[in-house]
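Reader: I would like a close look at a single part of this protein, taken strand by strand and then set against the rest of the chain. Please explain how that part is paired and covered, and what surrounds it.

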Amino acid sequence: AGIISAKGRSIGSAERASFLQTDAAINPGNSGGPLVNLSGEVVGVNTAIASSSGGYQGIGFAIPINLTKWVTEQLVDKGAVSRAYLGVRVQELDKTNADLLGVPEDLKGVLVRDVLDNTPAKKAGVMTADVITHLGDKPILTGTDLQRAVEKTELGSRQTLRINRHGREMELVVVTEALPENVAAGGSKQSRAVPRVEDSSVGIAVAELDQNVIEQLQLPRDLTGVIIVDVPRTSVAYRAGLRQGMVVTRINRRAVDNVEDFEKAMADADLRAGIAMTVKIPGRGDRFIVLKDR
């Protein structure tokens, strides 16, 4: 006997399980057993406990029965579970980011930080710095909301994604695909492009992006921007996540095609207010990064 004290919990590596949290007595060996309500209906499958003693004196976690049914149906029909995905990584939309992006401060949604190449999101036209507000009619308030809404959609179905791009509301159509076993994590190969220009305010050095570099890093042939050739570990840029080999394509909503554009954009930027950069990561995709002085 106990109560459901929380829903949508994740533990350890089981981030997609959306556990029910309960203070009902669950002991080692109870995994796979039912969690029932007062009417005797199964509402969950007991899975784990968090306990300092190793016994039930703590909290338990159960897989919600709706998720169990969905997984079971797929296992019976297909022999495996296929989850749909978009190919984006998102983060919380805070006031600083809203100001930089020119979106309403009270806008509810999640900020697109990464868009991976060759994914449903990329094919649909999703861009870094977009704010996703709805998938179909479902409001998206957190990254978890988006993940759970997307992964249960029918594979190959057309889904309407409502976004806000720099203050303008838009709708994109995404055709969902099965989540690959290993979504490209990619890595940045280093480049020796020269000459370079340094920006001491954020601590990065960049160089022109020429065809030799594009071929070396296997970047899109029509990509424009400047490549980061040095990022000291003690710099603001490094702390924000910028690394050597990334290509800067936009700064504060301004396109950066060459070193001259980079210098002009950085001259007008204010580190105290925050500097929004969109970068291309070789072998991976686009990422939205905000640099801000602490």
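**Strand S16 and its surroundings**

Author: In this predicted model, a convenient place to begin is Val226, which stands opposite Val248 in strand S17. That position belongs to a pairing between S16 and S17 that runs in the antiparallel sense over 2 bridges. S16 also pairs with S15, again in the antiparallel sense, this time over 4 bridges, and here Ala205 is found opposite Asp230 in S16. S16 therefore has S15 and S17 as pairing partners, since two strands count as paired once DSSP finds at least two bridges between them.

How much of S16 is buried? The strand is mostly covered, with 4 of its 5 residues buried. In a regular strand the side chains alternate between the two faces of the sheet.

The three strands also meet in the nonpolar interior, because S15 (204-208), S16 (226-230) and S17 (247-251) each supply at least two residues to the largest nonpolar core. That core has 27 residues, and those with the most contacts inside it are Ile204, Leu242, Ile251, Phe262, Ile275, Met277 and Leu291. Helix H6 (236-240), helix H7 (259-268), strand S19 (275-281) and strand S20 (285-291) likewise each supply at least two of its residues. Apart from this core lies another, of 20 residues, which includes Leu86, Val110, Ile163 and Met170.

For a contrast in secondary structure, one may turn to helix H1, which covers residues 65-78. At 1.5 Å a residue, its 14 residues should span 20 Å, and the end C-alpha atoms are 20 Å apart, which agrees. The buried residues of H1 are Ile65, Leu67, Trp70 and Gln74. An α-helix has 3.6 residues a turn, so residues three or four places apart point the same way. Among the buried residues, Leu67 counts as such because its relative accessibility is 8%, below the 20% cut-off. Leu67 and Gly44 are 23 residues apart in sequence, while their C-alpha atoms are 8.8 Å apart in space. After H1 comes Gly79, whose phi is positive, near 85 degrees.

Set against the whole protein, these elements belong to a secondary structure of 7 helices and 20 strands. Buried residues make up 44% of the 294 residues, and of the contacts with a separation of 6 or more, 52% join residues 24 or more positions apart. The protein exposes about 15,600 Å², of which carbon and sulfur atoms supply 47%.

Methods:
Residues are numbered from 1 along each chain as its sequence is written. This is a predicted model: local features need pLDDT of at least 70, side-chain atom pairs count only at pLDDT 80 or more; totals for chains, interfaces and linings use all residues. Side-chain values use heavy atoms; hydrogens and water are left out. A nonpolar core is a set of buried Ala, Val, Leu, Ile, Met, Phe, Trp, Tyr and Cys residues joined through side-chain atoms within 4.5 Å. Buried means under 20% relative accessible area, exposed over 50%, partly exposed in between (1.4 Å probe, protein chains only). The expected span of a helix is 1.5 Å times one less than its number of residues. Contact means heavy atoms within 4.5 Å. Accessible areas come from the Shrake-Rupley method with a 1.4 Å probe; for residues, only the protein chains shown count as cover.
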